[in-house]
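Trainee: I have just opened this entry and would love some help finding my way around. Could we go through it together?

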Amino acid sequence: MTVTALGAAVRRKEDHRFITGKGQYTDDINRPGQAHAYFLRSPHAHATLKKIDIAKAKAMPGVVAIYTGDDVAADKVGGLICGWMIHSKDGTPMRAGPHPILAQGKVRYVGDHVAVVIADTLSQAKDAAEAILVDYGVLPANADTAKAQSGPEVHVEAPNNTVYDWHIGDKAATEAAFKAAKHVTTLEIVNNRLVPNAMEPRAAVGEYDSGNDALTLYTTSQNPHVARLVLSAFIGIAPEHKLRVVAPDVGGGFGSKIFIYAEETVCVWAARKCGRPVKWTADRTEEFLCVAHGRDHVTRAELATDAEGKITGLRVKTIANMGAYLSTFASSVPTYLYATLLSGQYAIPAIYAEVDAVYTNTSPVDAYRGAGRPEATFVVERLVEAAAREIGMDPAAFRRRNFITKFPHQTPVIMMYDCGDYKASLVKAMEMADVKGFGKRRREAAKRGKLRGLGYSTYIEACGIAPSQAVGSLGAGVGLWESAEVRVNPVGTVEVLTGSHSHGQGHETTFAQLVSSRLGISIDNVSIVHGDTDKVQFGMGTYGSRSGAVGMSAISKALDKIEAKAKKVASHVLEAAEADIDFKDGKFTVKGTDKSVDFGTVALNAYIAHKFNPQELEPGLKEGSFYDPTNFTFPAGCHICEIEVDQETGVATIAKWTAVDDFGNVINPMIVEGQVHGGIAQGVGQALLEGAIYNKDGQLVTASFMDYAMPRAHDLPSFDVGMTVTPCPSNPLGIKGCGEAGAIAAPAAVINALTDALGTEEVPMPATPQALWTVIQKQSRAAIAAE
Amino acid sequence: MYPFKYQKAATVRGAVSLLGKAEDPKLLAGGHTLIPTMKQRLASPKTLVDLSGAGLSGIEQKGRNIVIGAMTTHAEVAASPIVQQAIPALAQLAGHIGDPHVRHRGTIGGSVANNDPAADYPAALMALGATVHTSKRKIPAEEFFAGMFATALDEDEVITKIAFPVPAKAAYVKFPNPASRYAIVGVFVAKKGSQVKVAVTGAGSGGVFRHTAMEEALAKRFNPKSLEGVGTPAADLNGDIHASADYRAHLVGVIAKRAVAAAIA
């Protein structure tokens, strides 16, 4: 049997299913007697609901039921929650307005849920929805992040639309550093709002089994157990043992499927209420309007340096848009996932950051690939690049002068970096990118009328989103460990039940590689089971690049126990002392002899239990583990972007991309490289193409792919990807995580390259052709004026 | 999508007759604008008259004209040796409309009849001086396009084919919208004898238009340099989040120069 080692670039086992159209997504699930839900959504960003008249609609053909916020209130269905408590500077808890699953009294963004129509067919549900008469009292909208605190009130619970005004770091020490600074670099930064746009839109099927008084929700979730916990303990849909949540194949999430949304909750609640299975699949417009968006920060950032080019202080003030309601983990994103990373890869003695989280009449904002860390990296890497230029230092040399070189390193903003070698990734990336030859390439480009620039991004991220005690002390409402159960069958094949959830990450391959390498069996003899609360006891799901570092570590711990027990069984089979049994390459041997037995035979013996006394050793071979790591992991690296701007049109074309990442130990380099590629594509999307724009009335102007520019292959170069490795000391496998790195690193690399090309720090994101042309026009007008 | 009646015409005459008889009819060509609009419930014709069986596909050279049947797909035009040989700019234009799905369903007749202000084909028809053949008459391109999403077609009129005179030199350059890939500005230039035509799509608030100032400059000398200093008034142009009217006006100049450069290359 072929063993697949850790580090082998094997092809993904799950891809056969996906590329032959045999995947089973939520929308592929149809239950007997199923009805279809359609949500009547608010066309207004902000309005009171004066009256909802459903009488005519209810009488329409095929209509099963119509529910509004009144029905939700009558059934005492709890509101959606935000599971991370943040306290303001004065110690008061964040001010969250209620978040009912169907609007009550008021709608707060375009797409807010006014009513649900359930009918035999989707078409009938839509017809009936058109017949619902809603009397809206339209209110002025609040849709501008920077001005939200002085805009119309979104929730009475949050004066000045401020959910919290939070801070971190040492204010006095930072102010002292700025007073003593030789040079201060200041940037005004807008981190543009993004729509996640997973390929598969959100979907749900709710079903009620009246015989057992039990509910099942099939849904597009990255963490079905957390969904069950929230639906049971907070929203009160059903107790956990009467609620099964199944997340089958899921076509991408990028964070947007972590959260517990109104539509999914309505489907499972309505299934019991109307007595029919209820199905809903978002169309792309609903996905644009109602999925949790990402980013949307307005920041003023300052960096203090001394006469030697050493960074002495960092000061940041950020306004973070939360949208109209607090989504499940929204509050943690611009605080503990953002400001705790503001030290970047640098030894900065003093940091002070203030973050105001604000309500607006826009879709809720929550974690999106990177979640807070792309925003932090963008602030730090833009500042560092600008500071180096302002003080006349080479940006790479400036970085090297300020890199953290001794580990562990305690930053002034909570994080204790466990390991890394930032110089190594920078040096390797500079070699791969041929930075030395850049001057020549720039001159050659100038001859073609192109402005060529080079930008660095030496990023860091905190991944794993664990340990539980640490996140608990910061306000998380849940523990963030991971669970695994390894079931060895009598013939030696293995099922692994994991609390992680794969929605594109390739767990069925990488997790199997771990089992294969540990037990000496083929990856074809390993199945990974996930995404069903009836199968896997509990788990925390997949986000924050945590499945390798935390999820696989849990499997590793369970495999330790399997190995220990299998050795006991083997000692009986081989009639030797347990202490004399070695296990290697799938074989148990007796030390100093040629006696051996393979793993499959030991597994069989564990189940037939003929060779040992079951009073002393239990039959069977199945072990579980709940793993909680000792620290976050800290993937880091260096991305270098080389870009050319067409002066005539403003079109930016990426000429060269070099990425050198330190993900610790790597299980499957092909999958890791794929993650890096996808992350860079999304990061380049943010930098050059993507931007969710609300107008002053709170209408989402970019509500379709006609206006929201997703990156295409055409927009990207071939990536040159390399790695350095410092194994992570905080988990048994030495893994750091790779899922978000590209999206975290890329925006700063692109904008730093553009600011280099154009010779100004004032380049907005997304740097669309029009935006860059406007910058070029402004510069040429300034140049003419100077003459 | 609301319910509708589907009818397939076997001939042009049959289609015309259905247009006269059916309740609230709409012609269905490739359907790549109409069907999505119907799915979003923004259009709700009671009857769809499908032209796919009416024998309107095909490309042929007739004397000095390339004649393309109305139901010929963009992919067929792009891959046609006849078009590639006689008017390579037209083949190239067709090969960059939308994406492969659109190019294999969308048709030249459908595109022209829809007259989307950001569509590519209207620029080709205007610059090449094409003639639109219908079930009733022949309409010069100049008279056919009548403003944004408007044409000279009558309610019961069906486009049958489009005849393109073969130019001496021609090129089409498109500056695509980063999101939709429709033209923010598309410029088709064509030279035939001493006459030069420059047609601009994507930019004009009234749809495709001829840029006469550029035509006059190029008629003197067919070279990008002739366009130096030839402006485009922003007042008549579209502005949106992707491109203001000023930016579009600037792009018309840049893209026109690139089109002329491509035509003489």
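Mentor: Gladly; we will take a small sheet in one chain, then the overall form of another, keeping in mind that this is a predicted model.

Trainee: Which are the edge strands of the sheet with the order β22-β23-β24 in chain A?

Mentor: That sheet is open and has three strands, with antiparallel pairing. An edge strand here pairs on one side only. The edge strands of chain A are therefore β22 (581-584) and β24 (596-598).

Trainee: Which residue of β23(A) stands opposite Asp582(A)?

Mentor: Start with the pairing: β22(A) and β23 (residues 587-590) of chain A run antiparallel and are joined by four bridges. Across from Asp582(A), in β23(A), stands Thr589(A).

Trainee: Which helix packs on the sheet, touching β22, β23 and β24 of chain A?

Mentor: Let us compare two helices of chain A. Helix α16 (residues 599-608) lies across β23 and β24 of chain A, at about 80° to β24(A). The helix that touches β22, β23 and β24 makes about 125° with the direction of β22(A), and it is α15 (residues 547-573) of chain A.

Trainee: What radius of gyration does chain B have, and why does it agree with a compact globule?

Mentor: Chain B has 11 helices and 12 strands, and its C-alpha atoms fill a box of roughly 55 × 45 × 30 Å along the principal axes. Because a compact globule with 265 residues would have a radius of gyration near 18 Å, chain B agrees with its value of 18 Å.

Trainee: What percentage of the residues of chain B count as buried?

Mentor: To count as buried, a residue needs 20 or more other C-beta atoms within 10 Å of its own. Of the 265 residues of chain B, the share that counts as buried is 50%.

How values were computed. Residues numbered from 1 in each chain as written. Chains lettered and ligands numbered in written order. Predicted model: local features only at pLDDT ≥ 70, side-chain atom pairs only at ≥ 80, totals over all residues. Pairing = 2+ DSSP bridges. Helix = DSSP H or I, 4+ residues; strand = E, 2+ residues; numbered from the N terminus. Contact = placed C-beta atoms within 7 Å. Axes fitted to C-alpha atoms, helices over the stretch in contact; angles between N-to-C directions. Rg over C-alpha atoms; globule rule 2.2 N^0.38 Å. Buried ≥ 20, exposed ≤ 12 C-beta atoms within 10 Å, placed from the backbone.
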